Amino acid sequence: MGKFTVLNHPLIQHKLTIIRRKDTSTNEFRQIVGEIAGLMVYEMTRDLPLENVEIETPIGKTTQKQLAGKKPVIVPILRAGLGMVDGVLQMIPSARVGHIGMYRDEETLKPHEYFFKMPPDIEERECIIVDPMLATGGSANMAIEALKKRGAKNIRLAVLVAAPEGVRKVQEENPDVDIYAAAEDEKLMDNGYIYPGLGDAGDRLFGTK
């Protein structure tokens, strides 16, 4: 079964508390979501492979380390996942970015895919799906399946807030995918929101509430 890791770094926890507050402005919410995403990807990428490279410093030649292989693909689930992309790119500027569009049927709470655009050769790259909320797990599983169907083999999921129900659903349906969260919250409510959560991340990011 895939690992579920809560990244409880003090800076991540502090910033998460700020965006949970209902009176946090759209501007501050958007900025801090990006900051948390950057801190999360810093923690998540400790195992990226390195290779030796010969360089020349102002003093002389030396062999040092650089990232090996193809750069990862950051995959935001539209639209709320967009809020996490810039923070990740600040840490890994050479990463590629793909997009998966999902909308949720308000009656059934089931997700539907409406957009998919990826860089080529995703089968050779690590794919990091980003979405602020892991609630029912439906959108995450659909995004994972969409990537696998196109050949992706190495997938991780990064979320700000996870409901236990969503974590279980992803682990059951995609046991090969590791999940990283800034927090695991108490429960999923009947209306599909996470409690205590932070509300609708998309509305709060884009000022559409």
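The legends below describe close-up views of a predicted model.

**View 1. The largest pocket and the residues closest to its centre.** The largest pocket holds about 690 Å³ of space. Its lining comprises 29 residues, and those closest to the pocket centre are A80, R104, D131, S139 and D200. By class, the lining of this pocket divides into 16 nonpolar, eight polar and five charged residues.

**View 2. Elements around the largest pocket.** Four strands and two helices each supply at least two residues of the lining of the largest pocket. The strands are strand 4 (73–78), strand 6 (99–104), strand 7 (111–117) and strand 9 (133–134). The helices are helix 4 (138–149) and helix 6 (201–206).

**View 3. The second largest pocket.** About 170 Å³ of space lies in the second largest pocket. Its lining consists of T108, L109, K110, P111, T136, G138, N141, M142, E145, K169 and E173. Two or more of these lining residues come from helix 4, and two or more from helix 5 (164–173). Helix 4 gives the most, with four residues. The lining of the second largest pocket is made up of three nonpolar, four polar and four charged residues.

**View 4. A nonpolar patch on the surface.** Y103, Y114 and F115 form this patch. Together the three residues have about 340 Å² of accessible area. Y114 belongs to strand 7, an element that also supplies at least two residues to the lining of the largest pocket.

**View 5. The salt bridge between E35 and K15.** The structure holds 13 salt bridges, and the pair of E35 and K15 is one of them. The closest N and O atoms of this pair are 2.7 Å apart. E35 lies in helix 2 (residues 26–44) and K15 in helix 1 (residues 10–20), so the salt bridge ties together parts that are 20 residues apart in sequence. E35 is partly exposed, because its relative accessible area of 28% falls between the limits of 20% and 50%. K15 has a relative accessible area of 19% and therefore counts as buried, the limit being under 20%.

**View 6. The salt bridge between R79 and D203.** In this pair the closest N and O atoms are 2.8 Å apart. R79 sits in the loop between strand 4 and helix 3 (82–91), whereas D203 sits in helix 6, so the pair ties together parts that are 124 residues apart in sequence. R79 counts as partly exposed at 35% relative accessibility. D203 is buried, with a relative accessible area of 19%. Strand 4 and helix 6 each supply at least two residues of the lining of the largest pocket.

**View 7. The salt bridge between E126 and R156.** The closest N and O atoms of E126 and R156 are 2.2 Å apart. E126 is in strand 8 (residues 126–130) and R156 in strand 10 (residues 154–162), and the pair links these distant parts of the chain, 30 residues apart. Both E126 and R156 are buried.

**View 8. A network of salt bridges.** K70, D121, E124 and R125 are joined into one network by salt bridges that share partners. Side chains of opposite charge can pair when their charged atoms come close.

How values were computed:
Residues are numbered from 1 along each chain as its sequence is written. This is a predicted model: local features need pLDDT of at least 70, side-chain atom pairs count only at pLDDT 80 or more; totals for chains, interfaces and linings use all residues. Side-chain values use heavy atoms; hydrogens and water are left out. On a 1 Å grid over the protein atoms alone, a cavity is a set of points where a 1.4 Å probe fits but cannot get out, and a pocket is an open set with protein on both sides within 12 Å along at least five of seven lines; lining residues have an atom within 4 Å of a point. Grid points are joined across faces, edges and corners, and a volume is the space filled by probe spheres set on the points. Ala, Val, Leu, Ile, Met, Phe, Trp, Tyr, Cys and Pro count as nonpolar, Asp, Glu, Lys and Arg as charged, and the others, Gly among them, as polar. Patches are made of residues with over 30% relative accessible area and no salt bridge: like charges are joined within 9 Å, nonpolar side chains (Val, Leu, Ile, Met, Phe, Trp, Tyr) within 5 Å. Accessible areas come from the Shrake-Rupley method with a 1.4 Å probe; for residues, only the protein chains shown count as cover. A salt bridge is a side-chain nitrogen of Lys or Arg within 4 Å of a carboxyl oxygen of Asp or Glu. Buried means under 20% relative accessible area, exposed over 50%, partly exposed in between (1.4 Å probe, protein chains only).
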